[in-house]
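Student: I should like to learn how to read the features of a model such as this one, step by step. Could we begin by looking at it together?

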Amino acid sequence: MQIQISSSSAATHILLPFFERADGLQLPEQFGGGAIPKKLFTGETGALRHFHQGDRLFLLVGLGPAEKANFEEMKGHFRKVTAKQSAFFKEPVALFIDDTHSEESLQAAVLGLWMGTYRLGFYKKTKADEVDFSQITLDLLAPELPQAAKILQQSTAIWQGQKRCMELVDQPAHLVTPTFLADTVQRLGEQYSFEVKVFDAAQAREIGLDAFLAVGQGSARPPAFVIADYVHPDARIHVGLVGKGVTFDTGGYNIKTAGMHHMKCDMGGAAAVIGALEAAAAAALPIRLTAILPCVENAIGAHAFLPSDVIGSYSGKTIEVIDTDAEGRLILADGLHYMQKHFQPELLIDLATLTGSSVGTFGYACAALFSTDKTLENSLMEAGMSIGERVWPLPLWELYGKEMESDIADIKNYHGKPFAGAITAAKFLQAFTDGHEKWAHLDIAGTAFGDSAFAKSKHATGFGVHLLFNLLQNHVDHGK
Ligand code: BES
Ligand code: ZN
Ligand code: ZN
């Protein structure tokens with residue numbers, strides 16, 4: 001669905017969002033004014049009502065009381081419109097945003113409407129929709145919002161990134177392989193003119209990405225170590241992003257039992273980083289963004305690594321593998337060290353569906369945040385909390401680092417105890433950041449993939465793309 005900003009529209013179907021007013025609501029002057037019957041609609045939260053007047057059909061969207069409105073809920077109300085009311089789009093549609101709305105509600109509207117057009121039925125022969133959203137153009141009328149064009153342009157970039165992220169996570173693991181992820185990034189590099197390098201297994205062996213290779217060695221699908229470097233000529237900050245790209249996590253010989261099919265989501269960190277990269281490039285943000293995506297499949301087989309193996313790593317540190325299911329931290333160790341050795345970005349952030357422990361702590365509502373820098377921690381919280389992508393800090397105290405000491409090697413990948421799993425994983429990662437003073441780790445195991453009112457099974461959320469975009473945009477706008 002295209003959205004174009006317009007000063008007038010011939011559309012007969014009008015989408016009208018309202019904040020709640022107990023004393024009743026009016027149609028805008030542009031549409032002839034007139035009271036909306038209180039019995040039909042007062043703007044109550046989540047209400048969707050059809051209302052005819054003349055040859056126009058209005059779809060009234062209730063946002064609840066203005067003082068209680070928040071981005072996440074507003075976005076959800078708009079998502080419902082395109083997800084559940086596709087018939088309304090059989091005729092041309094205009095969205096009218098009046099002066100009771102802010103830039104925030106405009107962004108919630110467009111991002112919600114777009115997310116509602118996303119469909120999971122990639123492989124269904126017959127589509128359930130009454131319209132083909134890819135053929136639809138919606139007129140956006142926002143005469144009172146001078147920033148509307150800018151908001152729309154930014155939101156377009158964000159949605160492109162979110163859609164990319166969701167499509168990568170939701171499609172099955174035999175299609176979204178490490179090489180598929182690498183090809184995706186390479187195509188984006190061609191489209192937006194940024195550099196992309198991909199190391200195959202032989203090249204990775206040559207330079208010593210041993211921890212990365214160990215995880216991928218049991219799979220018939222070759223690994224890919226992907227490096228993308230987007231450099232705007234007026235770059236104001238250099239940010240390094242590392243994303244866990246485990247295209248399927250069987251657990252290896254510490255094999256998973258229940259719910260293994262969900263582990264197609266284990267490249268959710270890489271997908272969020274790819275989405276953020278695409279969004280930043282599409283919006284032409286004046287930054288340098290280096291992305292590293294170690295992509296592997298964690299499989300079993302004659303060549304698979306074993307619990308008790310001692311493996312090398314790009315940093316030179318040796319690692320005792322206690323558990324082959326703690327694989328994400330192994331590939332990230334090489335990703336983080338590669339970033340530090342070759343790029344030294346001002347900010348270093350990794351995203352990973354890393355531990356079940358983070359889900360135990362925060363459920364599906366919030367990601368675990370670890371950072372060596374208070375300002376970066378606050379920036380990430382501000383970037384995410386304002387849009388409902390919740391992140392909350394956990395400590396990086398050294399006593400948890402002690403848990404990862406090995407007798408036989410420099411470090412072990414699992415402390416073997418049923419507690420502090422997300423924190424000890426973060427401490428493991430930190431050992432490979434070369435003491436970067438502005439590093440943050442987001443454990444998105446609970447937030448990347450989950451249930452919603454829009455599907456029967458767990459599916460991608462796009463978590464992280466908008467958050468990272470906000471972080472980058474805030475740095476461009478206010479240097480933090
Ligand atoms: N990919 C999983 C973590 C995960 C769990 C992602 C739930 C998404 C939803 C990760 O590789 C893993 O298996 N972690 C283990 C680590 C343990 C063996 C130290 C875990 O958290 O149980
Ligand atoms: Zn695992
Ligand atoms: Zn994993």
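**Reading the fold and a metal site**

Tutor: Of the 480 residues in the protein chain, 59% are buried, where buried means under 20% relative accessible area, exposed over 50% and partly exposed in between, with a 1.4 Å probe and protein chains only. This is a predicted model, in which local features need pLDDT of at least 70 and side-chain atom pairs count only at pLDDT 80 or more, whereas totals for chains, interfaces and linings use all residues. Residues are numbered from 1 along each chain as its sequence is written, chains are lettered from A and ligands numbered from 1 in the order in which they are written, and side-chain values use heavy atoms, with hydrogens and water left out.

Student: How many helices and strands does the protein chain have?

Tutor: Helices (H or I, at least four residues) and strands (E, at least two) are DSSP runs, numbered from the N terminus. Here the protein chain has 13 helices and 22 strands. Its radius of gyration is 24 Å, close to the 23 Å that the globule rule gives for 480 residues, so the chain is as compact as a globular protein of that length; the radius is taken over C-alpha atoms, and the rule is 2.2 Å times the number of residues to the power 0.38.

Student: Which residues of α10 are buried, and what do they pack against?

Tutor: The buried residues in α10 are L376, E377, S379, L380, M381, A383 and G384. With contact meaning heavy atoms within 4.5 Å, the buried residues of α10 pack against β16 (347-352), β17 (367-371), β18 (391-393), β20 (439-443) and α13 (465-478).

Student: Which protein donors does the zinc ion (ligand 3) have?

Tutor: Donors are N, O and S atoms within 2.8 Å of the metal (3.2 Å for Na, K and Ca), and since water is not among the atoms, sites may look incomplete. For the zinc ion (ligand 3), the protein donors are K244 (NZ), D249 (OD), D266 (OD) and E327 (OE), at 2.0 to 2.4 Å. D249 also bridges this ion and the zinc ion (ligand 2), the two ions lying 3.2 Å apart.

Student: What is the geometry of the site of the zinc ion (ligand 3)?

Tutor: Six donors count as octahedral if opposite donors are over 155 degrees apart and all others between 65 and 115; four count as square planar on those terms, or as tetrahedral if all angles lie between 85 and 135 degrees, and anything else is irregular. The site of the zinc ion (ligand 3) is octahedral, with angles of 77 to 174 degrees among its 6 donor atoms.

Student: Are K244 and D266 buried or exposed?

Tutor: K244 counts as buried because its relative accessibility is 1%, and D266 is buried at 2%.
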